[in-house]
Amino acid sequence: EKNRFFLPVHSSLKLSEIRKGVDRISNENNNYEIKLAREADWVSYNSPEYVNNLLQAWNYGTAKSEVSGWQVLRLIISDEKGRAVAKVQAYEKKIPVLGSLIRIPRGPTMLCGDQSSSYYSNYNSVISALIKHCKKANWRILQCSFNMPDSLMAQSQLSALGFFRLKGTPWGSGLIDLDLSESELQKKLNRRW
């Protein structure tokens, strides 16, 4: 068990190049720091310029933990210069002897607005740092729904980190400004609603 690593590769790639890529993914974030977040820290990163999802909102996490029996964990991930690069809200259920089961809905949220190629590289680094943190804390990741596009590149990067896709239709959430006029609100919504 856990003694083989499979990646879909192009036949022109050498084994040494594949190993170098996997090592880079797993080692490039050794300097990332993960710490528990206070509400003031969390809310300070709720600017509209960041990619936000309702499932990663502070109030949603509080309400979900009250009704589901899962304890909410909020983490801030910082780079080697101490700058916050991501935040993640997860849910924990402690199981004696085994440790804790962790669920991460639509996270982590990157604290930058651009969706460039470096954004996805940084996203993978954050996920890798999160995996290392989970191992140290004796957490077992049960389920994650990452806030990434449905692309072949994103899927291959996540599978290289040990994740596999579940069947089912993904869904998301969003925020609507109710101060807009009725006609503006209708323009923003699907006509079939």
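The following paragraphs lead through selected local features of this structure, which is a predicted model.

The loop between strand 4 (99-105) and strand 5 (109-110) is a useful place to begin, and Pro108 is found there. The peptide bond that joins Gly107 and Pro108 is cis, with an omega of about -10°. Arg106 is found in the loop between strand 4 and strand 5 as well. Its backbone also deserves attention: phi of Arg106 is near 50°, a positive value in a residue other than glycine. Arg106 has a relative accessible area of 13% and is therefore buried, since the limit for that class is under 20%.

A second non-glycine residue with a positive phi is Asn138, where the angle is about 60°. Asn138 lies in the loop between helix 4 (117-136) and strand 6 (139-145). With a relative accessible area of 31%, Asn138 is partly exposed, whereas Arg106 is buried.

Helix 5 comes next along the chain; this helix spans residues 152-160. Which residues of helix 5 are buried? They are Ala154, Gln157, Leu158 and Ala160. These four residues lie on the same side of helix 5, because the arc they cover around the axis is only 155°. Just after helix 5, Gly162 takes a positive phi of about 100°.

Beyond this point the chain enters the loop between helix 5 (152-160) and helix 6 (182-188), where Leu178 is found. Is Leu178 buried or exposed? Leu178 has a relative accessible area of 68%, so this leucine is exposed; the exposed class requires over 50%. Leu178 also contributes to a nonpolar surface patch, which it makes together with Ile176 and Leu189. The area of this patch is about 290 Å².

The last features concern aromatic rings and the charged groups placed over them. The charged end of Arg74 sits over the ring of Trp58, at 3.6 Å from the ring centre. A further arrangement of this kind involves Arg103 and Trp70: the charged end of Arg103 sits over the ring of Trp70, 5.4 Å from its centre. Pairing between aromatic rings is a separate matter. A pair of aromatic rings is described by the distance of the centres and the angle of the planes. With ring centres required to lie within 6.5 Å, the count comes to 1 aromatic pair.

Key. Residues numbered from 1 in each chain as written. Predicted model: local features only at pLDDT ≥ 70, side-chain atom pairs only at ≥ 80, totals over all residues. Heavy atoms only, no water. Phe/Tyr/Trp six-rings, centres within 6.5 Å; stacked < 30°, edge-to-face > 60°. Lys NZ or Arg CZ within 6 Å of the ring centre and 35° of its normal. Patch = residues over 30% accessible without salt bridge, like charges linked within 9 Å, V, L, I, M, F, W, Y side chains within 5 Å. Areas by Shrake-Rupley, 256 points an atom, 1.4 Å probe, with all protein chains shown as cover. Salt bridge = Lys/Arg side-chain N within 4 Å of Asp/Glu carboxyl O. Helix = DSSP H or I, 4+ residues; strand = E, 2+ residues; numbered from the N terminus. Buried < 20%, exposed > 50% of the residue type's maximum accessible area, 1.4 Å probe, protein only. Arc of directions from axis to C-beta.
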